[in-house]
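Grab a coffee and work through these short exercises with the viewer open. Try each task yourself before reading the solution.

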Amino acid sequence: MATAEHAQGSFPVDPLHQFVVQKIVPLQIGGIDVSFTNASLWMIITGLLVIGFTVFGISKKALVPGRFQAAAEMLHDFVVDMVRDSAGHDAMRFFPFVFTLFMFILFANLVGLNPYGFSVTSHIIVTFMLAIVVFVGVTLTGIYLHGFKFFGLFVPQGVPALLLPLVVMIEVISYISRPISHSVRLFANMLAGHITLEVFAGFVLSFGAMGAAGWLGAILPLAMIVALVALELLVAALQAYVFAILTCMYLRDALHPQH
C-alpha cells in the first residue's frame, strides 16, 4: 500500500504511485499491446489463492472442521443463502458463477491491503469488465429463457398509458447504466481507501523526519492508519458482498422479468 522515497532529506509520498500499471513482459500482437503487467500477475495470484483456499478447505471434509474447512463452508453457505434469498431457488444453477465472483473480489480486495500487494479492484477497467460480464450474461440469460417477453422488464405494470413512454425510457436508461454503477461503486471505494491510507502514511513519515519531537506528532496519523486498516478490511468484505448481491438481483430480473 504505502510507498515512500527518500529524496533530499524528505519523504515525499505519491498517493497514486501504488496504482501504476507496470509491464513485466512487454508484448505486442498485431499492433495491440497485450503485455503481461503487474495487474495481470496479481489477478493470477488472486485466482490461485481462491482456488487454493477452496480446494484446501474442502479436501479433508472432516466431521469436526478445522479452521480452513470452517471458513470455506461458512463462505459457501453465505453465498448459497445470498443467491437463494435474493434471486430465488431457481437461481441456484448460477451459484458457481456468483460464488466465483464473490470470492475473487473478496480476495482481490484483501490482497490489495497487503503492503507489497497490488489492488486490481482499484482499477476501473477491471471492475468494469467484471460488471460487463454480469450485464451481458444476465441479459442473454433473460432473452434465452423468455425471448421477447424479457423486454417486459422495461414496462412496469399499472403505469398509465400517457406516462408509459417516459417510464419505459427511464427503465431502459436505468438498465443500460447498471454496468457503470456496478463497477464504479467497487472501484471508487477501493481507490479512495488506498489513497487515504497512503496520505496518512505520508504524514507519519513526514513527522518522523523531524526527529524525536516529530514522532510525537506522528502518533495521531499512525492511530488513524490502524483504524483505517480495520475499516478497509470491513469495506473489502462489504464491497464483495454488494457486488455479488447486486448480481443476484440482476439475475432475479432475468429469471422473473415481470414486475
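**Exercise 1. Placing N38**

In which helix does N38 lie? Then decide whether N38 is buried or exposed, and find what its side chain reaches.

*Solution.* Keep in mind that you're looking at a predicted model.

- Step 1: Find the element. N38 sits in helix α1, which spans 38–59.
- Step 2: Check the accessibility. The cut-off for buried is under 20% relative accessible area. N38 comes in at 12%, so it counts as buried.
- Step 3: Look for a polar partner. The N38 side chain gets to the backbone nitrogen of Q22, at 2.9 Å.
- Step 4: List the neighbors. Leaving out residues up to four places away in sequence, N38 touches V20, V21, Q22, I24 and F118.

**Exercise 2. The overall layout**

Work out how many helices and strands the protein has, and in what order they run.

*Solution.*

- Step 1: Count the elements: there are eight helices and four strands.
- Step 2: Walk from the N terminus. You get β-β-β-β-α-α-α-α-α-α-α-α, so to speak in one line.
- Step 3: Get the dimensions. Along the principal axes, the C-alpha atoms fill a box of roughly 70 × 55 × 45 Å.
- Step 4: Check burial. The protein has 259 residues, and 38% of them count as buried.

**Exercise 3. Inside the cores**

Find out which element gives the most to the largest nonpolar core, and what F243 touches.

*Solution.*

- Step 1: Start with the core itself. The largest nonpolar core has 43 residues, and F102, M103, I105 and F243 have the most contacts inside it.
- Step 2: Sort by element. Two or more residues each come from α1, α2, α3, α4, α6 and α8. The top contributor is α8, with 12 residues.
- Step 3: Zoom in on F243. Beyond residues up to four places away in sequence, F243 touches L101, I105, T127, L130, A131, V134, H182 and L186.
- Step 4: Don't stop there. A second, separate core has eight residues, including F200, A201, I225 and L228.

**Exercise 4. A nonpolar patch outside**

Identify the residues that make the nonpolar surface patch, and say which helix supplies its largest share.

*Solution.*

- Step 1: Name the members: I124, I125, F128, M129, I180 and V184 make a patch of about 510 Å².
- Step 2: Assign them. Both α4 and α6 supply at least two residues, and α4 has the largest share with four.
- Step 3: Check one member. F128 is in helix α4, and it counts as partly exposed because its relative accessibility is 30%.

Conventions
Residues are numbered from 1 along each chain as its sequence is written. This is a predicted model: local features need pLDDT of at least 70, side-chain atom pairs count only at pLDDT 80 or more; totals for chains, interfaces and linings use all residues. Side-chain values use heavy atoms; hydrogens and water are left out. A nonpolar core is a set of buried Ala, Val, Leu, Ile, Met, Phe, Trp, Tyr and Cys residues joined through side-chain atoms within 4.5 Å. Buried means under 20% relative accessible area, exposed over 50%, partly exposed in between (1.4 Å probe, protein chains only). Contact means heavy atoms within 4.5 Å. A polar contact is a pair of N or O atoms within 3.5 Å; within protein, one must be able to donate a hydrogen and the other to accept it, and residues adjacent in sequence count only if both atoms are side-chain atoms. Patches are made of residues with over 30% relative accessible area and no salt bridge: like charges are joined within 9 Å, nonpolar side chains (Val, Leu, Ile, Met, Phe, Trp, Tyr) within 5 Å. Accessible areas come from the Shrake-Rupley method with a 1.4 Å probe; for residues, only the protein chains shown count as cover. A salt bridge is a side-chain nitrogen of Lys or Arg within 4 Å of a carboxyl oxygen of Asp or Glu.
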